[in-house]
There are 2 protein chains.
Amino acid sequence: MDRKLAESLSVDCVLFGFDMEKLNVLLVDRVLKDDNDTIIFSDLTLTGYHIYKDEDLNSAAARIVKDITGLEGLVLEQFHTFGSLTRLQRPNDQLWSKQLGDAISDRVVSVGYYSLLPNTDIEIIQKGRIVNWHPVSSVKNLAYDHEQILKKALGHLRYKLQTEPIGFELLPDKFTLTQMQTLYETIIGVKFDKRNFRKKISQMNYVVALNEKQTGVAHKPAQLFMFSREVYEKTRKERFSFFT
Amino acid sequence: MDRKLAESLSVDCVLFGFDMEKLNVLLVDRVLKDDNDTIIFSDLTLTGYHIYKDEDLNSAAARIVKDITGLEGLVLEQFHTFGSLTRLQRPNDQLWSKQLGDAISDRVVSVGYYSLLPNTDIEIIQKGRIVNWHPVSSVKNLAYDHEQILKKALGHLRYKLQTEPIGFELLPDKFTLTQMQTLYETIIGVKFDKRNFRKKISQMNYVVALNEKQTGVAHKPAQLFMFSREVYEKTRKERFSFFT
DNA sequence: ACAAAAGTGTTCGATATACACCCATGA
DNA sequence: TCATGGGTGTATATCGAACACTTTTGT
C-alpha cells in the first residue's frame, strides 16, 4: 500500500455492544515487547488508525473498523473531534510511537465515531490483532486519551438513546420487551416500571409484535418484537421542544 | 509569525447573531482580483483559518474568531468535522488557493464550531477583512462547502435550543418575554401562544424579572428579564427521556 | 407443585392546549 | 384619543407515576 497518510489525522471508533446484561466496548490489545520478547507494557486502544489522504472521514472510519474487526455495513456516527496537544504524550504512547518508527511525535487530531451492535449476534474476526469486548463500566488501562473519547461517546450514546430510537441497533433483530427495558435501564441508569414502560412502547407503532415467542426458557415465554424502520420514518414526530 | 501550520487542518466558526427579528450569521467577504484590480469573483466565507501545530482545537477556534472579528471570550462549541475530498475543489476555491500561493491543493479537514451572540450588543472590529452580518434565511454565494457547514450548524443550534437554555446567549443581558418568544419562533419556526409561553417561562426560575421596564416604546413598556446561570445550574433537571 | 419471568388496568396529579379581553404608554 | 404591543386566567384533554396480582412455561 503506497497511499499517503494525512499526517496528523486519525479516526477512532467506539464500538458499543450490548449482551442483555451490560454495555460493552470493543477494544484492541496493545502490547509492546523488547527485543527479547519481554513485555514492556500492555494496554488497550479503541479501534483507530490514521486517515489516508485520498479518503474522506466516513470512508476512513468504515475502512478502519473493517480492517480491525472484519465488520462491514455498520452505522458509524461522528460525535466529536479530539485535538489536545498532549493526547499522545504519555510515556507508553511515546514508547509505542518510537518502536513503530512512526515519525509522528507531533499532535495527531482524531475524529471520533461510534457505532452500536448487538454483541450477541455479531462475530468479530481477529485480523492480526487481539480484539475483545470489555464491559464499559469497568474499562481501564486505555491508551492515549481513549478514556476521554470513550466517555464522550458514552455521553452521546445516552443522549441519543433518549432522543431517538437507536436502542434497537443494540438489540438482536427479534427481542423481548424485557430485553429492551433492560437495555435502557442499563445504559441510562434508571429503573422503569414494567407496566408504564410497556404502555409507552405500545404507543410506538414502529415496535411491532411478531407471531413468535421465546423458546427454551424455564418460564412463560415472552412475545418477540422487531423494530420497523419504515414505520418509524413514516410516523416520526418533530423534535421535542424545550417548551412543550 | 513562524509557527508551522498543521497541514490539512482548519477550523471554521459559525457565528450566529439575533437582532430581534431574524437569525444572522457573520460572514467574511472574499474577493479575488487580477493584476489590474478587476474583480474575478466575489463570495463569502465563514470565519475560518488553518490550525497551527502548537495549538489545540479550542484555542485555534478562539484565536481565529479574535483575529477576524476582534471578539473574545465567546462560548464556542464544536459541532462537526468536515472532511469530504471535494470540499475545496470548486473552481473559485481553486483559483483562490492558487492566487494565495497556498501549496494546499489537497483536501483540508475542517473542524466546525459555532457560537451565539446578540448582534445588537456586539461590535465587530474589522481587522483587515470585510465582515458583515447576513440573514441566515437568505445567505447565498458561500465559498467551499460552507453552505453545508452552516446548515449543519443550524441543525445543531435548533436542536440545542430545544434542549438547553442557550437561547439567552442570543439575547441582550436584559430582554423582554416577547423578544424571547420571537427568538424561539424565528429559529425553530413555530408560533407559540403568548399566555402558554409565559406560563412556561414563569416555571423557569432561572429567568428572573428585573425591577426595570422598557423605555422609549410607543406602547405599554415591557418588563425586563435576565437569565441567571447560577439558578439554572443549581436547579437543572436531568435530561429529557425518550420515554417519560 | 414450584420457581421464574410474562403480562395486564386503574386512579391521581401534572402538564399541555385552546382561547379573548383590558392595560399602559407615546404620538 | 388612538394605535401598539403588554399582560393576564380558566376549562379540558393528555400524559406520566404509582401500584399488585394472575398466567404460562420448564423442571
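This passage describes the contacts of a predicted model with DNA strands D and C, followed by its salt bridges.

Because the model is predicted, local features require pLDDT of at least 70 and side-chain atom pairs count only at pLDDT 80 or more, whereas totals for chains, interfaces and linings use all residues. Residues are numbered from 1 along each chain as its sequence is written, chains are lettered from A and ligands numbered from 1 in the order in which they are written, and side-chain values use heavy atoms, with hydrogens and water left out.

A residue is taken as near a strand if one of its heavy atoms lies within 4 Å of it. By this criterion, 23 residues surround DNA strand D, and those that come nearest are Lys200(A), Lys194(B), Arg198(B), His219(B) and Gln223(B). Sugar or phosphate accounts for 41% of the atoms of DNA strand D within 4 Å of the protein, and the rest belong to bases. Residues were also classed as nonpolar (Ala, Val, Leu, Ile, Met, Phe, Trp, Tyr, Cys and Pro), charged (Asp, Glu, Lys and Arg) or polar (the others, Gly among them). The surface near DNA strand D holds 10 charged, 7 nonpolar and 6 polar residues. Helices (H or I, at least four residues) and strands (E, at least two) are DSSP runs numbered from the N terminus. Helix α5 (194–202) of chain A and α5 (194–202) of chain B each contribute at least two residues to the surface near DNA strand D.

Polar contacts are pairs of N or O atoms within 3.5 Å; within protein, one atom must be able to donate a hydrogen and the other to accept it, and residues adjacent in sequence count only if both atoms are side-chain atoms. For DNA strand D, a side-chain N or O atom of Lys200(A) is 2.4 Å from a phosphate oxygen. Thr178(B) places a polar side-chain atom 3.0 Å from a phosphate oxygen of this strand. Lys220(B) contributes a backbone N or O atom, 3.4 Å from a sugar or linking oxygen of DNA strand D.

Around DNA strand C there are 22 residues, of which Thr178(A), Lys194(A), Arg198(A), Lys200(B) and Val217(B) come nearest. Of the atoms of DNA strand C that come within 4 Å of the protein, 42% are from sugar and phosphate. The surface near DNA strand C comprises 10 charged, 6 nonpolar and 6 polar residues, and α5 of chain A and α5 of chain B each supply at least two of its residues. In chain B, the side chain of Lys200(B) has a polar atom 2.6 Å from a phosphate oxygen of DNA strand C. Bases of the strand are contacted by Lys199(B), with a side-chain N or O atom 3.1 Å from a base oxygen, and by Asp193(B), with a polar side-chain atom 3.2 Å from a base nitrogen.

Salt bridges (a side-chain nitrogen of Lys or Arg within 4 Å of a carboxyl oxygen of Asp or Glu) number 30 over all chains. In one of them, the closest N and O atoms of Arg87(B) and Asp145(B) are 2.8 Å apart. Arg87(B) lies in the loop between β5 (77–82) and α2 (91–100) of chain B and Asp145(B) in the loop between β7 (131–135) and α3 (146–161), so the pair ties together parts 58 residues apart in sequence. Both Arg87(B) and Asp145(B) are buried, where buried means under 20% relative accessible area, exposed over 50% and partly exposed in between (1.4 Å probe, protein chains only). Asp93(B) and Arg90(B) form a further salt bridge, at 3.9 Å between the closest N and O atoms; Asp93(B) is buried, with a relative accessible area of 1%, while Arg90(B) is partly exposed at 42%. In chain A, Arg30(A), Asp43(A), Arg90(A) and Asp93(A) are linked in a salt-bridge network.
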